[in-house]
Amino acid sequence: MVKGELTIGFIIICVGVLGFGNVEGNVDVISFGACGDGKTDDSQLLGILLIPNTSEWKSNQTHAWIIFEEVEALTVVGSGKIDGRGESWWKIGTDADRPTSLYFKRCNNLQVSQIISVNTPRNHISIQDCTGPTISNVNLVAPGESPNTDGIDIAASSQITIKDSNIRTGDDCVAMNGGVVGINIINVNCGPGHGISVGSLGRNGGTESVEQVLVKHCTFNKTQNGARIKTVPGGKGYVKGVIYEDITLIDAGNPIMIDQYYSCGDHCPSGASAVEISNVSFVGFHGTSAVKNAISLQCSDTKACSDVRMEDVTIEPAGNIEEVCSVCSNVRGYSRTTTPRVPCLS
Ligand SMILES: *[C@@H]1O[C@H](CO)[C@@H](O)[C@H](O)[C@H]1NC(C)=O
Ligand SMILES: *[C@@H]1O[C@H](CO)[C@@H](O)[C@H](O)[C@H]1NC(C)=O
């Protein structure tokens, strides 16, 4: 950013500390002139932020490129673009070797809007330990096959709003991780991508919970998954109070999916503890599925999913398949006016 690569309208209005992944420690934004009086003043940065490619990256800190930490009422707006130049990053190493483009930690009442992020090495945006963040009108774009490029990845945060955005990426459009309490995701177009997901939760025997989730008026367009809750056997904690409502499906893979055997493949332990799932509603799903098992509810054999409701769901086969059906186990709840029929639900 200080290298003079800022040339297109990109406005950051901010208060606080801005750190860059390739400089030592944190850099005070005020010293860049990005913030006026360091309180509530605003000013402009003009440009495309270019993430260094792998050979230019000098830091041993690889988890993120632009870091905002401990900021109050930060607003990041602008028509500018963050170009992650992911092509050089996707080929190397593991997830841990690739930086997230924008990382927000311990921010209260954060607002991010109009940002365009393309070809991020890892997540486009990560949010951790924040209260009241709102993300709106963002465009997050990376190829469907780019590795682990989550759109917005959230953990340990509350009262979150994500709305009016387009996310086309290589992993979850939105991932809600442990400690998310109260999130509204409204009018988001997802695809390509791996869906709008709760989890995965309970990795390595961890205790994790997510509650009060509303995903409404969203589209899954040629995604690998749609509305998805994923937990790993051996974990503890809970997922409760989740509503997916008014969802449009365009050739979506796994449109409705609960997977309590996530990431154990053929080696899933039987009798392991599970993150408990209850009070989950799927209401108003319409469109086409690109996979036969359009509805898949695979709940734990030690803790059944309970209060799962399905209503006004009509999923038809996309052109590539003949028919759609439901598969389910260990799930309790009911369905009304749902096609394909879900035999486990009353
Ligand atoms: C779905 O995605 C395709 C590109 O894959 C795009 O051309 C089309 O406009 C999208 N449909 C909707 C309704 O957004
Ligand atoms: C189920 O979840 C919804 C949405 O979070 C919530 O409003 C409702 O009170 C919950 N119901 C019960 C019985 O907990």
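This passage describes the aromatic pairs, the pocket and cavity, and the backbone features of a predicted model.

Three aromatic pairs are present in the structure. In one of them, the ring centres of Phe-68 and Phe-104 lie 5.0 Å apart and the ring planes meet at 10 degrees, so this pair is stacked. The two residues come from distant parts of the chain, with Phe-68 belonging to strand E6 (residues 64–69) and Phe-104 to strand E9 (residues 100–105), and they are 36 residues apart. Phe-68 and Phe-104 are both buried. A further stacked pair is formed by Tyr-244 and Phe-282, for which the distance is 5.7 Å centre to centre and the angle between the planes is 5 degrees. This pair likewise links distant parts of the chain, since Tyr-244 is placed in strand E22 (residues 236–252) and Phe-282 in strand E24 (residues 276–289), 38 residues apart. Tyr-244 and Phe-282 are both buried, and ring pairs join these two residues with Phe-285 in a cluster.

Charged side chains also lie over aromatic rings. The charged end of Lys-240 is positioned over the ring of Tyr-238, at 4.6 Å from the ring centre. Arg-336, in turn, is found over the face of Tyr-334, where the distance to the ring centre is 4.0 Å.

The largest pocket contains about 550 Å³ of space. Its lining is made up of 31 residues, of which Arg-122, Asn-123, Asp-150, Asp-153 and Asn-177 are the closest to the pocket centre. Two or more lining residues are contributed by each of E9, strand E12 (125–128), strand E15 (152–155), strand E19 (196–201) and strand E21 (227–231). Among these elements, E12 gives the most to the lining, with three residues. Strand E9, which contributes to this lining, is also the strand that holds Phe-104 of the stacked pair described above. By class, the lining of the largest pocket comprises six nonpolar, 14 polar and eleven charged residues. Because domain 1 (1–144) and domain 2 (172–346) both supply residues to the lining, the largest pocket lies between the two domains.

Enclosed space was examined as well, and the structure holds one cavity of 30 Å³ or more. The largest cavity contains about 40 Å³ of space, and its lining consists of Pro-233, Gln-260, Tyr-261, Pro-269, Ala-272, Ser-273, Ala-274, Ser-300, Asp-301 and Thr-302. Sorted by class, the residues lining this cavity are five nonpolar, four polar and one charged.

The backbone shows features that can be set against a general background, in which most residues other than glycine have a negative phi and most peptide bonds are trans. The peptide bond leading from Gly-191 to Pro-192 is cis, with omega near 0 degrees, and Pro-192 is located in the loop between strand E18 (180–190) and E19. A cis peptide bond also joins Gly-199 to Ser-200, where omega is about 10 degrees. Ser-200 is part of strand E19, which is one of the elements giving two or more residues to the lining of the largest pocket.

Positive phi values occur at Asn-119 and Gln-212, neither of which is a glycine. At Asn-119, phi is about 45 degrees, and the residue is placed in the loop between strand E11 (116–118) and E12. Asn-119 has a relative accessibility of 19% and therefore counts as buried, the cut-off for this class being under 20%. At Gln-212, phi is about 60 degrees, and this residue lies within strand E20 (residues 207–221). With a relative accessibility of 45%, Gln-212 counts as partly exposed.

Lys-292 is situated in the loop between E24 and strand E25 (293–298). Its relative accessibility is 44%, so Lys-292 counts as partly exposed. Along the chain, Lys-292 and Glu-322 are 30 residues apart, while a distance of 7.9 Å separates their C-alpha atoms.

Technical notes: Residues numbered from 1 in each chain as written. Chains lettered and ligands numbered in written order. Predicted model: local features only at pLDDT ≥ 70, side-chain atom pairs only at ≥ 80, totals over all residues. Heavy atoms only, no water. Phe/Tyr/Trp six-rings, centres within 6.5 Å; stacked < 30°, edge-to-face > 60°. Helix = DSSP H or I, 4+ residues; strand = E, 2+ residues; numbered from the N terminus. Buried < 20%, exposed > 50% of the residue type's maximum accessible area, 1.4 Å probe, protein only. Lys NZ or Arg CZ within 6 Å of the ring centre and 35° of its normal. 1 Å grid on protein atoms, 1.4 Å probe; cavity = no way out; pocket = protein on both sides within 12 Å on 5 of 7 lines; lining within 4 Å. Points joined across faces, edges and corners; volume = space filled by probe spheres on them. Nonpolar A, V, L, I, M, F, W, Y, C, P; charged D, E, K, R; others polar. Domains from an automatic or database assignment.
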